[in-house]
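Hi everyone, thanks for making time. I'd like to walk you through a structure that will be new to most of you, so let's put it up on the screen.

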Amino acid sequence: SALAKEAAALYEKKSYQECLSLLQQILAKKESDPKVIHNIALAEFYRDGCTDPYKLLDVLEQVKRTCEELARAADEQLEGIGNNVTSPNDYDLSIPTLNTAIVYYHLKQYASAFHVVEPLFANIEPVDESCALQICLLMLDIALASRKAESAALVLHYVEKSYGLGQSGLENAANVQQLSVVPPTLAASSALDGKYLGITSSPAPPLVTSPIGEGSSLTQGSGEETFEEDALSIGLEIDGSHSVRSLPTRVPAIEKSHPAPGTELKLLMHLYRVRFLLLTHCLKTVKREVKSALNLSKDNITALLLKAQLEYLRGNYRKAMKLLTTCIARAENAVVPMILSNLGCVYHYLRKDQTAALFFAKALQRYSSMSKERPLKLTTFSQDKSLSVYYNCGVVQLLSGNPVMASRLLQESYSMFYTRPLFWLRLAECCISALEKGLLTDVSARKEEVKVVVVGKGRFRRLVLPSGGSNPSLVSGTQPDNVDGVFPQDGKEGKPITLSMAIAKRFLQYAFLLLERDGKPEELAAGTETEALVMGNSEVSPSSGAQEGRDAASTLASFTAEEKLEAAMIRVCVLVDLAFVELCLENPLAALSNAEAALQQHHVTKAYSFLAHVYAAEALCLLDRIKEAEGHLEKCMMDWTSSSGDFLEEDTAAATQKNGDHNNGDASSGGEDGSSRNLKEQMNFARFTGTQARASLYVNFAAIHAMQGELLQARQCALQALAIAPGSSMAVLAMVYVELSQGRTKEAVTMLKRCRRLS
């Protein structure tokens, strides 16, 4: 017992080698004791500078297995002697299990961490008091990081009720002081008496909290501190290789009496509420919670960063920029790169992508320097957000017209984002953009699919074909079975991906597969969006518990509906892009199938409906089904007639109205709504305006009539296209074709000379 106390004291002083010497002496007296082995593993991990967290995970797993085996053996022994008295639980798994979850959390493997910690929370009643609070707060961090709003709401409710932290009890909190926020810390077990102690440099056991800045970046949740979600992120788990069990439908019973919460815990719960409300876009309620947190600690960096995120989500980008700039001077070195990345996000939405790219580059330089610091800390892994910054750089380069560089930057973020459909959609858009700019040498997939060998000479010369396609999934059009580990080997080895339309098709298939795995499109009922808008208008009432419950349910229902709507929008984008890619690969049947599937989806915007109809018409023309193609173009014309003529503006206005109703916030006149900006950029990849789209529609009508030999009608459509867009190369070439078909060579040559400057 004396050795154990001395070892614990040395551990707190960070004298790990001396601590290990004492632990080895204890192990000699208590051979194979799992608690001693557990503590030795922790001391070795910190002594070695936290360089091998996976080795620690292996030891923790072995400790848990040993405890389970000893517990089973003890139970069998009791049953054998007929003793009905239950033995004391000398083989408690809560600490090694909690430490396993903490390590997974810092490694950003949130699905694995949730899978480990969820059973602890579901059976939290018998757990030691201090350990129980650590479990709750760690689970909150994991749920918020992986966008599990329902799980976060359950844990918040449990902690608030257990510790008397209802909203009405926080308004008059006293003892305002500057507080430091401590990240999740590994706990060590005493070698002899089985009690679990929080081991840190401070004399009192710390609270397990969010790391400074964690979750306080400019897009909450799955996107990890950045705008990489664009407008459409659906927030998948980071580590998709582990199944995630859902929480129990009830919160664990509150049976223990807890001491009155301190100021630090009150502040933490305010910050957790802010993160939860930002995740679910309850922006009006967030403002009150941020104010309460700053009243408790006016210079708290996490609260200021969360306030910056609030202004960002409300579209007040300059206010967000001012707050972030203020935070840089006060923040720790480990937090500065994240703030720089967030400033890059703000500049991106201010349409200053070059400045945004500069801030992202600075953030990456800081992260690179952090990774070289020694000794490492466990928090070094969780504070490194470089993969998110790489993604941001890729999106900015894609929007700036540099698809090759964008694909290389996106490739760097593969290990974090490969389970997200939007990641694969962006990679496919890199290929499409490269095609548009003439950067692809191989447009068709046929060179990759069929390799021909020439044998013999002269009249004996023969072409030898392979017995099967070199890439059956592309030849047959079938989807891959799974997305885990199927990234091209060039990408894994760091070599640049060779962009092509064949690889674009594969990327889009991965995106669609993930969307199907995470939720079927029919799950989005026709009335879901309207219901979500109504529920999003309710505010939390601190005076009524029943009202709080109803509002919490409304918030979660609204968030779920929004997630499903975003997934539906991504699905439409993927299907329309697939139709275009299949046309480039000369697969008209597949193109027609994807275009028609896109038109059957819920919530298809008019701009994407237009593209789907046009791609379907082109596919039908290639299949010699001209009349059916004409029907699709006529449907487009009917949509034009019933609208103002600019699909993009109508879609943006609708999105702005939806966002205003849902967020229930008051954006200042100096800012622009974030969702409307995202939608504009998403539509902008085709750079369609109402005039250009209408001109292209008449050009397509001219082509349809020309194919059927109706040159007079074709000429009228071509003239109409020229009248709408005199500078359109499509309209000029359509008119030249009609003139040549009718034998008017001079008129055709004159028109070509007059329009030489057109690209």
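Before we point at anything: when I say two residues touch, or are in contact, I mean they have heavy atoms within 4.5 Å. Try that on Met269, which touches Leu137, Leu140, Leu156, Val159, Glu160 and Leu165, leaving aside residues up to four places away in sequence.

Some ground rules. This is a predicted model, where local features need pLDDT of at least 70 and side-chain atom pairs count only at pLDDT 80 or more, while totals for chains, interfaces and linings use all residues. Residues are numbered from 1 along each chain as its sequence is written, and side-chain values use heavy atoms, with hydrogens and water left out.

So how confident is the predictor? pLDDT is its confidence in each residue, from 0 to 100. The chain has a mean pLDDT of 74, and 69% of its residues reach 70 or more. Over residues 468-493 pLDDT stays under 50, and the model has 54 contacts there beyond four places in sequence. Residues 521-546 are also below 50, with 46 contacts beyond near neighbours in sequence. Where pLDDT is low, the predicted coordinates should not be read in detail.

Now the overall picture. The chain has 34 helices and four strands; those are DSSP runs numbered from the N terminus, with helices being H or I of at least four residues and strands being E of at least two. Of the 759 residues, 55% count as buried. Buried means under 20% relative accessible area, exposed means over 50%, and partly exposed is in between, using a 1.4 Å probe and protein chains only. Looking at contacts with a separation of 6 or more, 72% are between residues 24 or more positions apart.

Back to Met269, then. It is one of the residues with the most contacts inside the largest nonpolar core, alongside Ile135 and Phe276, and that core has 121 residues. By nonpolar core I mean a set of buried Ala, Val, Leu, Ile, Met, Phe, Trp, Tyr and Cys residues joined through side-chain atoms within 4.5 Å. Helix 7, residues 129-145, supplies the largest share of this core, 13 residues. Apart from it lies another core of 85 residues, including Cys430, Ala629, Trp640 and Ala748.

If you want a helix that is mostly covered, look at helix 11, where 12 of the 13 residues are buried. Helix 11 covers residues 301-313 and reaches 18 Å from its first C-alpha to its last, close to the 18 Å expected at 1.5 Å a residue. That expected span is 1.5 Å times one less than the number of residues.

How many disulfides does a search of the whole structure find? Zero, taking a disulfide as a pair of cysteine sulfur atoms within 2.5 Å. Take Cys431: its sulfur is 6.8 Å from the closest cysteine sulfur, in Cys430, so that is too far for a bond. Cys431 is buried, at 0% relative accessible area, and Cys282 is buried too, at 16%.

On to charges. Side chains of opposite charge can pair when their charged atoms come close. The whole structure has 16 salt bridges, each being a side-chain nitrogen of Lys or Arg within 4 Å of a carboxyl oxygen of Asp or Glu.

Here's a local one: Glu61 and Lys64 meet at 3.5 Å, N to O. They are three residues apart in helix 4, residues 53-80, so about one helical turn separates them. Glu61 is partly exposed at 34%, whereas Lys64 is buried at 11%.

Now one that reaches further along the chain: Arg715 and Glu739 form a salt bridge at 2.9 Å, N to O. Arg715 sits in helix 32 (residues 711-724) and Glu739 in helix 33 (residues 729-741), so the pair ties together parts that are 24 residues apart in sequence. Arg715 is partly exposed at 23%, and Glu739 is buried at 5%.

There is also a network of salt bridges linking Glu160, Arg273 and Glu289. You have met Glu160 already, as one of the residues that Met269 touches.

Last stop, helix 28, residues 626-641, which is where you find Glu630. Is Glu630 buried or exposed? It is buried, with a relative accessible area of 13%. Not counting residues up to four places away in sequence, Glu630 touches Phe701, Ile704, His705 and Gln708.

Conventions
pLDDT is the predictor's confidence in each residue, from 0 to 100.
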